[in-house]
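Open your viewer and settle in for a short walk, one selection at a time. Keep the cartoon and the side chains both within reach.

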Amino acid sequence: NFKMEQGVLLVCHHDGEALSSFSHPSFAVRHCTSLPTFNVPASKSACLLAGNARDDLFQKTRELRMFAPTSFIIFYHQDATEDAMLREEAFKCGANMVTCYILHVQEALNRVAAQQLQGSITCPWCGLQGLTPESFYLHQPLYHIYHANIDGYCPIKACRASTSNLARHLHHRHLPPGQKPEERTG
């Protein structure tokens, strides 16, 4: 059994993959060649799934998403930028990110590691607890950009507005301090 602890990055790859020595300074990296059996889900954890066998990767992604709904799952495949069907299926299986670029993996992991979990907001999409208004604003598009929209009440206690599109409400009404609204020009 494998315990997904906070701050753990699970790198699951086949023998000979370029990721066999992958590391990240903000995570305790655990390498494996097959998806282990999990026993405890954790927040602020991530998993990088890599390999050439698509069906195997899709199955691993589904299993991990079912077990660890708050984990950030990266589906790493050499055809990720060229194959729209692969990307679509990976997102349907529960991946948060699909890429073939290590630099993009590092950037996403930096954002996951920077999440502040010292607030009282629970994400209505995945159940991640401890978000502040600012970290919720950053969490939602990073983790849930491809997920179905939610209607209901804003989970930010100072707001609690009813909305038919929570992602849009969050983006337009809860900008972090110092961030300028997006300007639409065309």
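Start with Thr61, which lies in helix 1; keep in mind as you go that this model is predicted. Thr61 has 0% relative accessibility, and because buried means under 20%, the residue counts as buried. Show its side chain and look for the backbone oxygen of Leu57, which the side chain of Thr61 reaches at 2.7 Å. Now select what surrounds Thr61: leaving aside neighbours within four places in sequence, the residues in contact with it are Leu49, Ile73, Phe75, Ala90, Cys93, Gly94 and Ala95.

Next, select strand 5, residues 46-50. Five of its five residues are buried, so the strand is largely enclosed by the rest of the structure. Turn on the side chains: Ala46, Leu48 and Ala50 point one way, while Cys47 and Leu49 point the other way. Add strand 6, residues 72-76, which runs parallel to strand 5 and is joined to it by five bridges. Ala50 is a handy place to zoom in, with Tyr76 of strand 6 standing opposite. To follow the chain between these two strands, trace it from strand 5 through helix 1 (residues 54-67) to strand 6; this β-α-β crossover is right-handed.

Last stop: helix 3, residues 102-113. Its 12 residues reach 16 Å from first C-alpha to last, close to the 16 Å expected at 1.5 Å a residue. Colour Val105, Ala108, Leu109, Val112 and Ala113, which are buried. Look down the helix axis: the buried residues fall within an arc of 135 degrees, so they line one face of helix 3. On the other side, pick out Leu103 and Arg111, which are exposed.

Terms used: Residues numbered from 1 in each chain as written. Predicted model: local features only at pLDDT ≥ 70, side-chain atom pairs only at ≥ 80, totals over all residues. Heavy atoms only, no water. Buried < 20%, exposed > 50% of the residue type's maximum accessible area, 1.4 Å probe, protein only. Helix = DSSP H or I, 4+ residues; strand = E, 2+ residues; numbered from the N terminus. Pairing = 2+ DSSP bridges. Right-handed = clockwise from strand over helix to strand, strands pointing away. Polar contact = N/O pair within 3.5 Å; in protein donor to acceptor, adjacent residues only side chain to side chain. Contact = heavy atoms within 4.5 Å. Expected span 1.5 Å × (residues − 1). Arc of directions from axis to C-beta.
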